Amino acid sequence: MKVILLKDVDNVGEQGSIQTVSDGFARNFLIPQGMAAMATPGRIKEAEQRLQAEQRRVRKEEEASQAFADRLDGMRVNIVARVGEQGRLYGSITAQDIAEVLSGQAGQEIDRRKVLLTEPIRTVGEHRVTVHLVGRLRPAVTVVVTPEGGVPGAFGDVATTPASEGETSSAQSGPAAEVDDELHGVDGQRSGA
């Protein structure tokens, strides 16, 4: 049975397209759910006219966006993130993050829904990401994820230099050591309380 889709239907087609589906699928699912209408000669003609108008609109938008797509194609986007020992990110880089940085670099707003990611980026390195501008314009950008401070590790660089001669090495330093010194006194004896 021929139907005209009133909404996008996964694995069937996009809104406004004319599709041939099984009679049962059309009568029991698509039409009752308001996703499709039976394809009569009048509706088919209307759908074809709408489809042609949509194709003309998309072609005009493609022509207008071609220069921007050429500018985006091959662009490198650098994003700094907190990273663990194995190069895995604490959190992830999402389409929203990429769209914000890319908009700043390109000088034109890019909607996060146009950044095509199958899943968020969770590792350090270079990742190819496609930006779907309009129609067939899909420039590819390279997202370079680098660790915060340039060194993998959640807490940055940790000093591991040994104490020089004459210095005593203590297990504690900072505020906890100061509290410990107040409780035990400088000589290690507990001060009277």
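This report covers strand pairing, one aromatic pair, one charge over a ring, one unusual backbone angle and one buried threonine. The model is predicted.

**Strand pairing**

Strand 1 (2-5) pairs with two partners. Strand 1 and strand 2 run antiparallel and are joined by 3 bridges. Strand 1 and strand 3 (residues 36-38) also run antiparallel, again with 3 bridges. Isoleucine 4 takes part in both pairings. Its bridge partner in strand 2 is isoleucine 18. In strand 3, alanine 37 stands opposite isoleucine 4.

**A positive phi in the loop**

Strand 1 (2-5) and strand 2 (18-20) are linked by a loop that holds asparagine 11. Which sign does phi of asparagine 11 have? The value is positive, near 60°, and the residue is not glycine. Most residues other than glycine have a negative phi. Asparagine 11 is also exposed, with a relative accessible area of 85%.

**Aromatic rings**

How many aromatic pairs does a search of the whole structure find? The search finds 1. Phenylalanine 25 and phenylalanine 29 form this pair, with 5.6 Å centre to centre and 15° between the planes. The pair counts as stacked because planes under 30 degrees apart meet that class. Both residues sit in helix 1 (residues 23-30). They are 4 residues apart, so about one helical turn separates them. Phenylalanine 25 is partly exposed at 29% relative accessible area. Phenylalanine 29 is partly exposed too, at 35%.

Tyrosine 90 has a charged neighbour instead. Arginine 82 lies over the face of the tyrosine 90 ring, 5.1 Å from the ring centre.

**Threonine 142**

Threonine 142 belongs to strand 9 (residues 140-147). Is threonine 142 buried or exposed? Its relative accessibility is 8%, so it counts as buried, the cut-off being under 20%. Its side chain makes a polar contact with the side chain of arginine 128, at 3.2 Å. Arg128 is also among the residues that threonine 142 touches beyond four places in sequence. The others are Met75, Arg76, Val77, Glu126 and His127.

**Accessibility at a glance**

The table collects the residues with a relative accessible area.

| Residue | Relative accessible area | Class |
|---|---|---|
| Asparagine 11 | 85% | exposed |
| Phenylalanine 25 | 29% | partly exposed |
| Phenylalanine 29 | 35% | partly exposed |
| Threonine 142 | 8% | buried |

Conventions:
Residues numbered from 1 in each chain as written. Predicted model: local features only at pLDDT ≥ 70, side-chain atom pairs only at ≥ 80, totals over all residues. Heavy atoms only, no water. Phe/Tyr/Trp six-rings, centres within 6.5 Å; stacked < 30°, edge-to-face > 60°. Helix = DSSP H or I, 4+ residues; strand = E, 2+ residues; numbered from the N terminus. Buried < 20%, exposed > 50% of the residue type's maximum accessible area, 1.4 Å probe, protein only. Lys NZ or Arg CZ within 6 Å of the ring centre and 35° of its normal. Polar contact = N/O pair within 3.5 Å; in protein donor to acceptor, adjacent residues only side chain to side chain. Contact = heavy atoms within 4.5 Å. Pairing = 2+ DSSP bridges.
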